[in-house]
Amino acid sequence: MRAGVVPYRSTLSALRRIAHEEGIRGLYSGLLPALAGISHVAIQFPTYEKIKFYLASRQNTTMDKLGAPDVAVASSVSKIFASTLTYPHEGSIYNYDGENFLMKYFLVVRSRLQEQGHHSEKRYSGVVDCIKKVLQQEGLAGFYRGCATNLFRTTPAAVITFTSFEMINRSLVSLLPPDPQPHTL
């Protein structure tokens with residue numbers, strides 16, 4: 001935490017203080033890059049399905065008959081692919097505080113915009129300015145700092161989540177009889 005900054009007491013306290021000190025716009029700082037995070041899901045899920053289809057066709061079976069190892073492969077490859085493509089909006093920020101060099105894993109652009117508070121020096125005027133400055137000062141590598149660490153953290157979680165879902169879903173579907181009159185919206 002920066003010296004001289006009083007921590008928030010609660011969520012409501014934070015909202016009030018940000019609105020008071022930075023205005024209503026301060027509450028939306030970093031929103032655009034956060035919305036860009038949706039692109040990760042838009043890449044990961046179709047890729048996951050394509051990989052499952054590919055694996056099933058290679059084994060002359062259907063996607064719902066793939067075993068847990070195949071589902072784990074599909075989920076890990078799709079996670080790595082989506083994360084690598086979308087990582088420039090994820091990553092790390094560096095906070096230089098004298099001799100103290102702290103690396104925090106956050107969303108690069110979003111974090112850098114959110115990090116600059118109302119009372120600190122404004123380094124970026126917006127999303128485009130932040131992207132330009134990171135490219136000029138750190139190059140493309142500036143957007144990929146912490147990518148490997150992020151993959152080591154998130155890929156096992158994706159494998160566990162997707163594989164568990166697939167296996168539990170199959171078990172439940174096999175236990176429950178099909179609905180004779182499917183409900184439509």
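1. Let me start with Q116: leaving out residues up to four places away in sequence, Q116 touches E121, K122, R123 and Y124, where contact means heavy atoms within 4.5 Å. Please keep in mind that this is a predicted model, in which local features need pLDDT of at least 70, side-chain atom pairs count only at pLDDT 80 or more, and totals for chains, interfaces and linings use all residues. Residues are numbered from 1 along each chain as its sequence is written, and side-chain values use heavy atoms, with hydrogens and water left out.

2. Staying with the same spot, Q116 lies in the loop between α5 (108–115) and α6 (127–138). Helices here are DSSP runs of H or I with at least four residues, strands are runs of E with at least two, and both are numbered from the N terminus. Q116 has a relative accessible area of 7%, so it is buried; that word means under 20% relative accessible area, while exposed means over 50% and partly exposed is in between, with a 1.4 Å probe and protein chains only. Its C-alpha atom is 9.5 Å from that of S29, although the two are 87 residues apart along the chain.

3. On the whole chain, there are seven helices and two strands, in the order α-α-α-α-β-β-α-α-α from the N terminus. Buried residues make up 32% of the 185 residues. Among contacts with a separation of 6 or more, 54% are between residues 24 or more positions apart.

4. The accessible surface of the protein chain is about 12600 Å², and carbon and sulfur atoms account for 64% of it. That area comes from the Shrake-Rupley method with a 1.4 Å probe; for residues, only the protein chains shown count as cover.

5. A helix pair you may like to view is α3 (residues 38–58) with α4 (residues 68–86), which pack at an angle of about 145° with axes 8 Å apart. Axes are lines fitted to C-alpha atoms, for helices over the stretch in contact, and angles run from 0 to 180 degrees between N-to-C directions. The residues of this contact divide into 11 nonpolar, eight polar and three charged. Nonpolar covers Ala, Val, Leu, Ile, Met, Phe, Trp, Tyr, Cys and Pro, charged covers Asp, Glu, Lys and Arg, and polar takes the others, Gly among them.

6. Helix α4 also holds S83, which is buried at a relative accessible area of 2%. Beyond its neighbours within four places in sequence, S83 contacts H40, L151 and T154.
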